[in-house]
Amino acid sequence: MQVNQSQILEALWETFYMTGASFVFSLVIGLPLGILLVVTRKGHLLENEVVFNILNIVINIFRSIPFIILMVAIIPLTRLIVGTSIGTAAAIVPLVFYAGPYIARLIENSLLEVDKGVIEAAQAMGASPGQIIFRFLIPEALSSLVLALTIAIVGLIGASAMAGAIGGGGLGDLAITYGYQRFDTMVMFLTVAILVVLVQGVQSLGNLMSRRVRRS
Amino acid sequence: MIQFEAVKKTYVSGKQEVHALNGIDLTVETGEIYGVIGFSGAGKSSLIRTVNLLERPTSGRVFIHGQDISALTARKIRDIRKDIGMIFQHFNLLNSKTVHHNIAMPLLLAKTPKAEIDRKVSELLEFVGLADQAQKYPDQLSGGQKQRIGIARALATNPSILLCDEATSALDPQTTQSILDLLRRINKEYNITILLITHEMGVIREICDKVAVLEEGRIIEQGSVFEVFTKPQHTTTKRFVRSVMNDELPDSLLDQIHQNDKSRPIYRLQFTGSSVGQPFMSRVSREFQLDLNVLFGNITELQGIPYGNLIVEFDGARAEIDRALASIRNDNIHVEEVQQHAG
């Protein structure tokens, strides 16, 4: 095997770092967008056709670009934000562009599952739109939201491995440079195995948390 | 007090216009239990939702305690809503929160101090008879218990009006009865005006003081429950009344009468209040030399007033029968000939 333990640990850390940081930023962008997608739709709390249609189309555009192309396409922007287009920090930018709209859709889906009757009851007791969102919609959808965000994290782990292709570091980078380009089957096998364990762990944790928050 | 003044609600879907409410004029006095009945699609849920502006009337005005609410700003409307409790057919509780939290919700929204919330929630739980369920979650409760929680939640802000949107339609008859008893207690003990919509005439008979019958967005009949039940005018009203008060001759009996002799007239005699319990049958029979054959009879109570209904076959000379009927009418008994359907 052409890599040592510390290289693997470093790659693992980079994967954590990329996934974690891009998840936080994506959530910051995706959560408000997801909420807006729900409340601005026809017949909802803050119905607004213009806002809804713009959001809907923009999100669809980002969602339809393959990640590998998105990474290359926004290199100028990445350079503007991070100062470089290569490396772990640089990989975070395309990851956020990839996961932000995705999370918005996932959140939209979860919030739409909330019974309309609950929203009506909230309105009937004189709740403001903000109160309805934060005291009714989100608490009622929380269990489903946690599962949705688990899906997003798993998706980000996969995408961050792809970011290895443009020198983003992490387990994907290791697999490509050593496992693929230097034909080291052992490295390839090991990185894939680590990713499998990682995804299993995240999913189990997500399921557990989702059950925990079902009643709060 | 709730007043509807020429309220219309029109939905536009595509090119089609649907007139859910077509000019509603209705007054619900303070302290009343007012029931609106109608088949599904009659406009009941639109009607009840214009009271707290969950739906805005397309035209017309709604007054709450004399104030026109249709012109208010969103903030003012939220304040008014705190004075109008609402309960729902499917309860609409937060499944992620405890019973305590659900009832506390309207108070949390109003930023009430915690000690005050705890005191009020305990009081309400006691009132609806679920004091030991505070830490349970809605999905651990039965339908009737959920509705009690819904009622407690609706009362948390001490409203003066309670709206009941098909509140018992998802419950079994026994549970329905207990919820209706609770609503009556709320009306009496807190003097809360109740406006309810339902498709069950039994609910109207059980607790309402007044009733309006809604059809195709119009009120086709309204009045005191006693009036409407004893003298329904409109076909739809008659159908509703018949659904809870069987006062028709059974078909088999009707067939029998046809086979025997068609010439004997049959009359429906309705007596109310003091006219119940007079020995008029034997008197009439003696006085006019008639044979009276009771085909059907029942006595029920409506709003605490006895109400009797007899279907009687008169056998005797025509002239005597007419004199007998005149005499019966004199005793404040309503007389009406029963149409004998051919075949």
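In the predicted model, helix α4 of chain B comprises the 14 residues 114-127. At 1.5 Å a residue, this helix should span 20 Å, and the distance between its end C-alpha atoms, 20 Å, agrees with that expectation. Five residues of α4(B) are buried, namely B:I117, B:K120, B:V121, B:L124 and B:L125. Seen down the helix axis, the buried residues fall within an arc of 135°, and therefore they line one face of α4(B). The other side of the helix carries the exposed residues B:A115, B:E116, B:R119 and B:E126. Helices α3 and α5 of chain B are among the elements that cover the buried residues of α4(B). After α4(B) comes B:G129, a residue with a positive phi, near 75°.

Helix α5, which helps to cover α4(B), also packs on a sheet of chain B. This open sheet is formed by six strands in the order β6-β7-β8-β3-β9-β10, and the pairing is mixed. Strands β6 and β10 (residues 218-224) of chain B lie at the edges, each pairing on one side only. On average, neighbouring strands of the sheet are turned by 15° against each other, with direction ignored. Helix α5 (residues 143-155) of chain B touches β6 and β7 of the sheet, and the direction of the helix makes about 165° with that of β6(B).

Strand β7 of chain B can be followed residue by residue. On one side, β7(B) is joined to β6(B) by five bridges, and these two strands run parallel; in this pair, B:I84 stands opposite B:I161 of β7(B). Five bridges also join β7 (residues 161-165) to β8 (residues 193-198) of chain B, again with a parallel run. Within the pairing with β8(B), B:L162 has B:I194 as its bridge partner, and B:C164 stands opposite B:L196. Strands of a sheet pair through backbone hydrogen bonds, in either a parallel or an antiparallel arrangement.

Burial in β7(B) extends to five of its five residues. In a regular strand, side chains alternate between the two faces of the sheet. In β7(B) both faces are covered: B:I161, B:L163 and B:D165 are buried on one side, and B:L162 and B:C164 are buried on the other.

Further strand pairings of chain B involve β1. Strand β1 (residues 2-13) is joined to β2 (residues 16-28) by 10 bridges, and the two strands run antiparallel. They form a hairpin with two residues between them, and one turn residue, B:G14, has a positive phi of about 70°. Next to this turn in the pairing, B:S13 of chain B stands opposite B:Q16 in β2(B). Strand β1(B) is also joined to β4 (residues 59-64) of chain B, through five bridges and in an antiparallel manner. In that pairing, B:K8 has B:S59 of β4(B) as its bridge partner.

Chain B also touches chain A, in a contact that takes 18 residues from chain B and 19 residues from chain A. On the chain B side, at least two residues each are supplied by α2 (74-81), β6 (84-88) and α3 (99-109). By class, this side of chain B has eight nonpolar, five polar and five charged residues. Strand β6(B) thus appears in two settings: it is an edge strand of the sheet, and it supplies residues to the side that touches chain A.Chain A has nine helices and zero strands, and from the N terminus on its elements are helices throughout, in the run α-α-α-α-α-α-α-α-α. Taken along the principal axes, the C-alpha atoms of chain A fill a box of roughly 65 × 40 × 25 Å. Of the 216 residues in chain A, 42% are buried. Among contacts in this chain between residues at least 6 apart in sequence, 69% join residues at least 24 apart.

One residue of chain A, A:T150, is found in helix α7 (residues 129-162). A:T150 is buried because 20 other C-beta atoms lie within 10 Å, and burial requires 20 or more. Leaving aside neighbours within four places in sequence, A:T150 is in contact with A:V202, A:Q203 and A:G206. The C-alpha atom of A:T150 is separated by 19 Å from that of A:V114, a residue 36 residues apart along the chain.

Terms used:
Residues numbered from 1 in each chain as written. Chains lettered and ligands numbered in written order. Predicted model: local features only at pLDDT ≥ 70, side-chain atom pairs only at ≥ 80, totals over all residues. Pairing = 2+ DSSP bridges. Helix = DSSP H or I, 4+ residues; strand = E, 2+ residues; numbered from the N terminus. Contact = placed C-beta atoms within 7 Å. Nonpolar A, V, L, I, M, F, W, Y, C, P; charged D, E, K, R; others polar. Axes fitted to C-alpha atoms, helices over the stretch in contact; angles between N-to-C directions. Buried ≥ 20, exposed ≤ 12 C-beta atoms within 10 Å, placed from the backbone. Expected span 1.5 Å × (residues − 1). Arc of directions from axis to C-beta.
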